[in-house]
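Please find below my notes on the model you sent. They deal with the metal sites and then with the bound ligand.

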Amino acid sequence: MTATAAVLHEFGGPLQIEEIRFDELERHEVRIRVRASGICRSDLTVAATNHGFPVPLLLGHEVSGVVEEVGAGVQGLSVGDHVVGCPVNHCGRCDSCRSGRPFQCSNHGATQRAAGLPARVTSGGSPATQFIGIGGFATHAVLHENLVVRVPAEVPFEIACLLGCGVSTGLGAVLNTARVQHGDSVLVVGCGGVGLNAIQGARLAGARRIIGLDTNDAALDLALQLGATDVVNAREDDPVARVRAANGGEGVSHAFEVIGLPQTLDTALDALRTGGQVYLVGVQKPDAVLGIPFRHFFAQKSVHGVAMGSSIPHLHIPEYADLYLQGRLQLEPLVANRIALHEVNDGFERLRRGGVARSVIVFD
Ligand code: APR
Ligand code: ZN
Ligand code: ZN
């Protein structure tokens with residue numbers, strides 16, 4: 001079975017549109033005809049610099065589509081189902097998985113093929129790597145069933161794909177990881193495809209103040225539209241003082257860093273009140289060393305690592321789909337740009353230039 005994919009052969013180079021080949025399905029695999037695939041900043045980060053993923057590399061990890069074939073051992077998914085791929089690679093059997101924390105699975109390689117089996121997918125005859133188990137910049141994808149979640153057919157594909165990463169990560173960081181409550185005050189540093197969902201999570205949680213911080217006024221306009229009560233442009237003088245002023249002169253209880261820069265972690269820490277919490281949603285360089293002045297710990301502040309918004313895919317993605325269908329989660333404004341697969345490098349360029357919200361690759 002062949003498909004057309006955007007393949008990365010060289011870090012820093014462009015993606016190449018070419019044919020890939022899938023092996024026969026193993027028992028727990030699912031083949032999807034891809035209908036939409038969002039471009040997340042993590043795809044660009046990984047394409048730009050070597051993070052240790054072997055090439056040829058199939059990027060794209062925010063994918064929706066229709067099930068075309070299921071392996072003999074797959075339960076609960078049928079041909080024709082509308083599905084979303086969610087890159088929480090988890091085994092379902094370890095202590096973390098069994099205690100409801102698949103995002104902390106100690107055996108996340110379990111969703112890959114066992115050594116000795118033929119590669120699941122090849123490019124030019126060489127085994128290709130599916131970035132975090134997905135590889136969604138392609139007409140088709142073969143995923144382990146644990147990464148495939150059925151969604152109601154009423155959710156348009158270009159919206160559904162966002163549930164797999166941008167929504168799970170941003171909304172989840174606020175609702176699942178931080179468990180923000182009504183009355184809390186929330187700062188979201190970076191109002192892009194992920195941060196705008198953190199803002200919506202804070203709105204759904206009933207936060208009293210929701211402050212968006214970004215360098216881009218268009219992103220801040222979207223933040224206001226999606227639930228921010230106040231916005232601050234980080235290019236203005238003393239943005240931390242402006243955040244505090246927007247919060248009645250006090251630091252915030254929760255700050256979400258949704259960019260992945262050491263300096264915006266500093267901003268988030270400075271904007272906290274005593275005892276406040278920072279959540280690192282943005283992906284930093286793997287070897288980044290984050291220097292934190294001790295005074296923050298003396299002020300009882302904490303910094304938390306977050307992966308995939310602590311999402312339990314099969315529990316939370318249907319919940320987020322319901323919120324969307326009920327009009328409580330706004331996802332249309334996040335699809336800023338629809339492109340074809342062969343325009344994927346333009347989508348990366350738009351992200352590099354600082355385009356607002358998501359570019360989504362749509363397929364016929
Ligand atoms: N200060 C404030 N805002 C900034 C700064 C800065 N120094 N630098 C960038 N931004 C803003 C951009 O203007 C943009 O609105 O951060 C936002 C980032 O959004 P996107 O580029 O859409 O990135 P996104 O896909 O949301 O990912 C954000 O989360 O999952 C991770 O890997 C992902 O680290 C990335 C982060
Ligand atoms: Zn992502
Ligand atoms: Zn596990």
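**Notes on the zinc sites and ligand 1**

1. The site of the zinc ion (ligand 3) is tetrahedral, with angles of 102 to 117° among its four donor atoms. The model is a predicted one, and these values are computed from it.

2. The donors to the zinc ion (ligand 3) are the SG atoms of C91, C94, C97 and C105, which lie 2.3 to 2.4 Å from the ion. Along the sequence these donor residues follow the pattern C-x2-C-x2-C-x7-C. Two of them, C94 and C105, are eleven residues apart and link distant parts of the chain. C94 sits in the loop between β6 (82–85) and α2 (95–98), while C105 sits in the loop between α2 and β7 (121–123).

3. Are C94 and C105 buried or exposed? C94 has a relative accessible area of 11%, and C105 has a relative accessibility of 7%. Buried means under 20% relative accessible area, so C94 counts as buried, and so does C105.

4. The zinc ion (ligand 2) has a mixed set of protein donors: C40 through SG, H61 through NE2 and C165 through SG, at 2.0 to 2.4 Å. Water is not among the atoms, so sites may look incomplete; please keep that in mind when reading the donor list for this ion.

5. The donors of the zinc ion (ligand 2) are spaced C-x20-H-x103-C in sequence. H61 belongs to the loop between β4 (57–58) and β5 (63–70), and C165 to helix α3 (residues 157–177), so this pair ties together parts of the chain that are 104 residues apart in sequence. Both H61 and C165 are buried.

6. Which residues come nearest to ligand 1? They are R41, S42, V194, D214 and V283, out of 21 residues around the ligand. By type, the shell around ligand 1 is made up of ten nonpolar, eight polar and three charged residues.

7. Polar contacts to ligand 1 involve both side-chain and backbone atoms of the protein. An N or O atom in the side chain of S42 is 2.6 Å from an oxygen atom of the ligand. I259 places a backbone N or O atom 2.9 Å from an oxygen atom of ligand 1. At T215, a polar backbone atom is 3.5 Å from a nitrogen atom of the ligand. Ligand 1 taken alone exposes 740 Å², of which the protein buries 88%.

Key. Residues numbered from 1 in each chain as written. Chains lettered and ligands numbered in written order. Predicted model: local features only at pLDDT ≥ 70, side-chain atom pairs only at ≥ 80, totals over all residues. Heavy atoms only, no water. Donors = N, O, S within 2.8 Å, 3.2 Å for Na, K, Ca; no water. Tetrahedral: all angles 85-135°; square planar, octahedral: opposite > 155°, others 65-115°. Helix = DSSP H or I, 4+ residues; strand = E, 2+ residues; numbered from the N terminus. Buried < 20%, exposed > 50% of the residue type's maximum accessible area, 1.4 Å probe, protein only. Near = heavy atom within 4 Å. Polar contact = N/O pair within 3.5 Å; in protein donor to acceptor, adjacent residues only side chain to side chain. Areas by Shrake-Rupley, 256 points an atom, 1.4 Å probe, with all protein chains shown as cover. Nonpolar A, V, L, I, M, F, W, Y, C, P; charged D, E, K, R; others polar.
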